[in-house]
Amino acid sequence: MKAVSSTLIGQGPRSLGELLASAGPEAVEAFLDALDANAVAALPWLFECWALPHQLPPGGDWRTWVILGGRGAGKTRAGAEWVRSMVEGARPRDPGRARRVALVGETLDQARDVMVFGESGILASTPPDRMPRWEASRRRLVWPNGAEAQVFSAREPESLRGPQFDAAWSDELAKWRRAEEAWDMLQFALRLGDAPRQIVTTTPRNVGVLRRLLALPSTVSTHAPTEANRVWLAPGFIDEMRARYGGTRLARQELDGEFLEEAEGALWTWATIERARRAEPVVEPDRVVVAVDPPATGSERADLCGIVVAGAALDGEPSKWRAAVLEDCSIERASPAAWARAAVEAYHRHRADRLVAEVNQGGDMVEAVIRQIDPTVAFRAVRASRGKSARAEPVAALYEQGRVAHAAGLDRLEEQLCQMTPAGFVGRGSPDRVDALVWAMTELVLDPARRAGRPQLRAL
């Protein structure tokens, strides 16, 4: 043992696994021979001996630890091991630092299948003598020492209203659909113990909730690309992904784990978005419009349908008119009847005076399906004669002039805005939310201003 230790001295702050991997066979054999049977049996469960640097919690007085990593970088294992370190004591029945833990995933199925039962989840990471019991009916784990961890869905933020915790693990925060609401409810629930803490494991996406979290002084973060965990991945996986996606923003985000700001030359910047958030709201708009960008196909497996509600105050000269984005009601993978119903419901909810929809793809079908839901809707069909970027640039100019305000809860729309460039959209899929926003602003502000006259308002 001493010989092994002297051989490894001076090699820097590396894990035992890294040191043994770099040592020769004789040194490894000598190390293992120096351990008794109990130590050899315990060795696989001592995560601090094998963890990569980004998988170990930083020192200091922090509330939130965020692990940003590429796909397969070992984030889930780090989250599971951190939960173990919080709930377990020195012996199986000894108390740990935490007794009530929240496990929050995008859905209940994802939280259970990844965080609890996954190959790198809590059960797979726990030695037999400390194994928690899964109570399916209550969606919770119970450890031998009485500590509990309950599973929650980020799609149901209200389920976090009432329970209280002294620790939490949130997985893939950047892809939660209702991230702001779920995250806020979780923070109110972290109120037990002397110093409640939480860990967030996520592939980075430039969404508001994550961006603001990283900016807090109580947040610390670690980062690693997919390559850091290469030894545990399928042979050739990284090389294949690099061959397909190397040099793209997708590779930088999903493989390198980089937190990317807005696209180079983006029509909207995050500074512009933040200004829109802080802008004076349009409290009593003169007009409210619901704009719809229908998916290209009519099946339930179609792309997202962009639905955006906006209002405008039309006082004074057209150059003084101000607008506000009130709600993003976009709906994913919905049938024509489903997205039409969502649009009509938004129309009535906001007491809108017009519903506009692009008809380049659907033609007369778009109006027909809307009128099947409500034949009394004031409908206007719009047809794109220019590219998406060309249509978006005048709307981006309204933002630069400080004439657009944003309501809360528009993270997904804002993410798309910051990936629109003069050359096109550089994000994944189609910018359906942006298209709907552009149609709304064009109907409210740009087209009436071009006509140089105040539009006639339809009586509600």
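This is a short tour of one sheet, the helix packed on it, and a few cysteines. Keep in mind that the model on your screen is predicted.

**Stop 1: strand β9**

Start by selecting residues 287–293, which form strand β9. How many of its residues are buried? The count is 7 of 7. Now turn the view so that you can look at each side of the strand. In a regular strand, side chains point alternately to the two faces of the sheet. On one side of β9 you will find Arg287, Val289, Ala291 and Asp293, and on the other Val288, Val290 and Val292. Both of these faces are covered.

**Stop 2: the neighbours of β9**

Next, add residues 306–313, strand β10, to your selection. β9 and β10 are antiparallel and share 7 bridges. To see a facing pair, pick Val290, which stands opposite Val309 in β10.

Then select residues 354–358, strand β12. Does β12 run parallel or antiparallel to β9? The two are parallel, joined by 4 bridges. Here, Val292 of the pair stands opposite Ala357 in β12.

**Stop 3: on to β11**

Go back to β10 and select residues 322–328, strand β11. These two strands are antiparallel, with 6 bridges between them. Click on Ala312 and look across to its bridge partner, Ala323 in β11.

**Stop 4: the whole sheet**

Now zoom out. The strands you have visited belong to an open sheet of 6 strands with mixed pairing, in the order β13-β12-β9-β10-β11-β14. Which strands lie at the edges? They are β13 (379–382) and β14 (404–406), and each of them pairs on one side only. Look along the sheet and you can follow its twist, which averages 25° from one strand to the next.

Select residues 336–349 to bring in helix α14, which packs on this sheet. The helix touches β9, β10, β11 and β12, and its direction makes about 170° with that of β9.

**Stop 5: the cysteines**

Finish by selecting Cys329 and Cys305. The sulfur of Cys305 is the nearest cysteine sulfur to that of Cys329, yet it is 10 Å away. A disulfide needs the two sulfur atoms within 2.5 Å, so Cys329 is in no disulfide. The count for the model is 0 disulfides.

Why does Cys329 count as buried? Its relative accessibility is 12%, and the cut-off for buried is under 20%. Select Cys418 as your last residue: Cys418 is buried too, because its relative accessible area is 1%.

Notes
Residues numbered from 1 in each chain as written. Predicted model: local features only at pLDDT ≥ 70, side-chain atom pairs only at ≥ 80, totals over all residues. Heavy atoms only, no water. Buried < 20%, exposed > 50% of the residue type's maximum accessible area, 1.4 Å probe, protein only. Pairing = 2+ DSSP bridges. Axes fitted to C-alpha atoms, helices over the stretch in contact; angles between N-to-C directions. Contact = heavy atoms within 4.5 Å.
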